[in-house]
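User: I'm new to this structure and would like a close look at a single part of it. Could you pick one loop, tell me where it sits, and follow the chain out from there?

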Amino acid sequence: MIPCKLAFIGGGNMARSLIGGLIANGMPAEDIHVADKHAATLESLNRQYPVQTFTSNQHAIEGADVIIIAVKPQQLQEVVKALHSSWQEKQLLISIAAGIRIEDISRWLNKPQTAIVRAMPNTPALVEAGATALFANEYVNHQQHELAESILRACGLAIWLNEEKHMDAVTAVSGSGPAYFFLVMEAMENAAIELGLPPETARLLCLETAFGAAKMALESGESASTLRKQVTSPGGTTERAIHELEDGGLHGLFENALVAAALRARELANELGQDHA
Ligand SMILES: NC(=O)C1=CN([C@@H]2O[C@H](COP(=O)(O)OP(=O)(O)OC[C@H]3O[C@@H](n4cnc5c(N)ncnc54)[C@H](O)[C@@H]3O)[C@@H](O)[C@H]2O)C=CC1
Ligand SMILES: O=C(O)[C@@H]1CCC=N1
C-alpha cells in the first residue's frame, strides 16, 4: 500500500470496515484520523483500533493527503460545506456516499478544481474481501489515482469505472449486495432449523456452504450456471429445490430488487443534489 495520511469523516459502519481492512493490510493506525460527531462512536472505534480520533472534522483533515467522507448521503452537504475554509488544494476527497454526484460535492465544497473520487465499497472490506468501484473527476492526478486505488485495493477488489452514471448500478450490485447474501444465509439457516438441525449445526453448514460456493465460483473459472448444473442431478434433490425457487420467481425478484436499489441511489442524488431527471 502507498504510504499516506488518511482522514475519515464519519466513523460508522462503512468507515469501520475500511479501517479494519486497512490496518489488517499493514497501514499504521497512527496514519489514520477519524472524526465523528458522536464521542461514543469514537471511543468504541478506539477500543478496537489505535487510530487518532477527533470530534472536529476540520482538525481531522489537517495534514491528510486523502479524506474519505463516510457520513450518510443526507449529512454530506452540511459536512462538505463546513470543510471549505480548511481544505488544502492538494488534498484528495473520496466520497463513499450512495447516489451523490461529484459535481454536487464539488459545488458544496466550493473549490471547483478539487480532486474528487467517488467510491462504492462494501462491508466485507473489514476482512479484506471487499469489492469497490471507483470513478475519478478530471482534477485527480496520476499519483492521486494510484493512491485511491491502493487504499481501496488494500480492502479487496478495486475497479475503475469509465462513467459516473454506472455508480448507481454498482451500488445496487456490490454496495448493497452483502445484505442480499446475508438475507439468503438467514433464510437458509432458519429453514435448516425448521428441518430439525441444531441451530449451531445449521449456522455452520449454511455459512461454509456460502463461503465454499463463492470461493469455487471465483477460483474454478466456470460460470455460476455451470457450477449450479454440476450440483443438480436429474431427478435428484437439488432439482426439486431449484424448481421451488424458480417457481417462486427468484430471478424476477433479484431483477426488481436491483432496479429498486439503483433507482433509490438516483433518487437520493436528485433529492439531495441538483435534479438531473
Ligand atoms: N454500510 C454500507 O454497507 C455502505 C455504506 N456506504 C455509504 O457510506 C456512508 C456511511 O454509511 P454507514 O457507515 O452505513 O453509516 P453510519 O450511520 O454507520 O455512519 C455514519 C457516521 O457519520 C457520523 N456523522 C454524522 N454526521 C456527522 C458530522 N456532521 N460530522 C462527523 N460525523 C458525522 C455518524 O455519527 C456516524 O457514525 C453512506 O453515505 C453510505 O451510503 C457505501 C457503501 C456500503
Ligand atoms: O443502504 C445504503 O444506502 C448503503 C449504500 C450501499 C450499502 N449501504
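Analyst: First, a word on labels: helices (H or I, at least four residues) and strands (E, at least two) are DSSP runs, numbered from the N terminus. With that in hand, let's start at Glu128, which lies in the loop between E6 and E7. Keep in mind that this is a predicted model.

What's the phi of Glu128? Near 55 degrees, a positive value in a residue other than glycine. That stands out because most residues other than glycine have a negative phi. Is Glu128 buried or partly exposed? A residue needs 20 or more other C-beta atoms within 10 Å to be buried, and 12 or fewer make it exposed. Glu128 has 15, so it counts as partly exposed.

Now step back along the chain into strand E6, residues 115-120, where 6 of its 6 residues are buried. Ala115, Val117 and Ala119 point one way from E6, while Ile116, Arg118 and Met120 point the other way. Notice that Arg118 is on that buried list too.

Who are E6's partners? On one count there's strand E5 (residues 92-95), which runs parallel to E6 and is joined to it by 4 bridges. If you want a spot to look at, Ile94 has Val117 as its bridge partner in E6. Between these strands comes helix H5 (residues 102-109), and E5, H5 and E6 make a right-handed β-α-β unit.

The loop between H5 and E6 holds Asn110, a residue that makes a nice companion to Glu128. Phi of Asn110 is near 60 degrees, which is again positive in a residue that isn't glycine. Asn110 has 13 C-beta neighbours inside 10 Å, so Asn110 counts as partly exposed.

E6 also pairs with E7, this time in the antiparallel sense, over 4 bridges. Here Met120 finds its bridge partner in Ala133 of E7. So our loop with Glu128 lies between two strands that pair with each other in the antiparallel sense.

Carry on past the loop and you're in E7, residues 130-136, which pairs with strand E8 (residues 156-160) in the parallel sense over 5 bridges. Gly130 of E7 sits across from Gly156 of E8 as its bridge partner. Helix H6 (residues 142-153) belongs to this stretch as well: E7, H6 and E8 make a right-handed β-α-β unit.

For comparison, look towards the start of the chain. Strand E1 (residues 6-9) and strand E2 (residues 32-35) run parallel and are joined by 4 bridges, and the bridge partner of Leu6 is Ile32 in E2. The chain gets from E1 to E2 through helix H1 (residues 13-24), in a right-handed β-α-β crossover. E2 then runs parallel to strand E3 (residues 52-54), joined by 3 bridges, with His33 opposite Gln52. Helix H2 (residues 39-48) carries the chain from E2 to E3, and that crossover is right-handed as well. In E2, Ile32 and Val34 point one way, His33 and Ala35 the other, and all are buried.

In the loop between E1 and H1 you'll find Gly12. An unreviewed UniProt entry lists Gly12 under "binding site", alongside others including Gly10, Met14, Ala70 and Lys72. The listed residues are spread over 65 residues of sequence, yet they cluster in space, with a largest C-alpha distance of 14.2 Å. Gly12 is also among the residues that come nearest to ligand 1, together with Gly10, Met14, Ala97 and Ala98, out of 27 around it. H1 and helix H4 (73-81) are the elements that give two or more residues to that shell, which divides into 13 nonpolar, 11 polar and 3 charged.

Ala98 turns up again around ligand 2, with Thr171, Gly175 and Ser176. That shell has 1 nonpolar and 3 polar residues, and no charged ones.

To place all this in the whole: the chain has 12 helices and 8 strands, 34% of its 277 residues count as buried, and its C-alpha trace spans about 70 × 45 × 35 Å along the principal axes.

How values were computed
Residues numbered from 1 in each chain as written. Chains lettered and ligands numbered in written order. Predicted model: local features only at pLDDT ≥ 70, side-chain atom pairs only at ≥ 80, totals over all residues. Pairing = 2+ DSSP bridges. Right-handed = clockwise from strand over helix to strand, strands pointing away. Near = placed C-beta within 6 Å. Nonpolar A, V, L, I, M, F, W, Y, C, P; charged D, E, K, R; others polar. UniProt positions renumbered as here; feature names shortened; annotations may be inferred.
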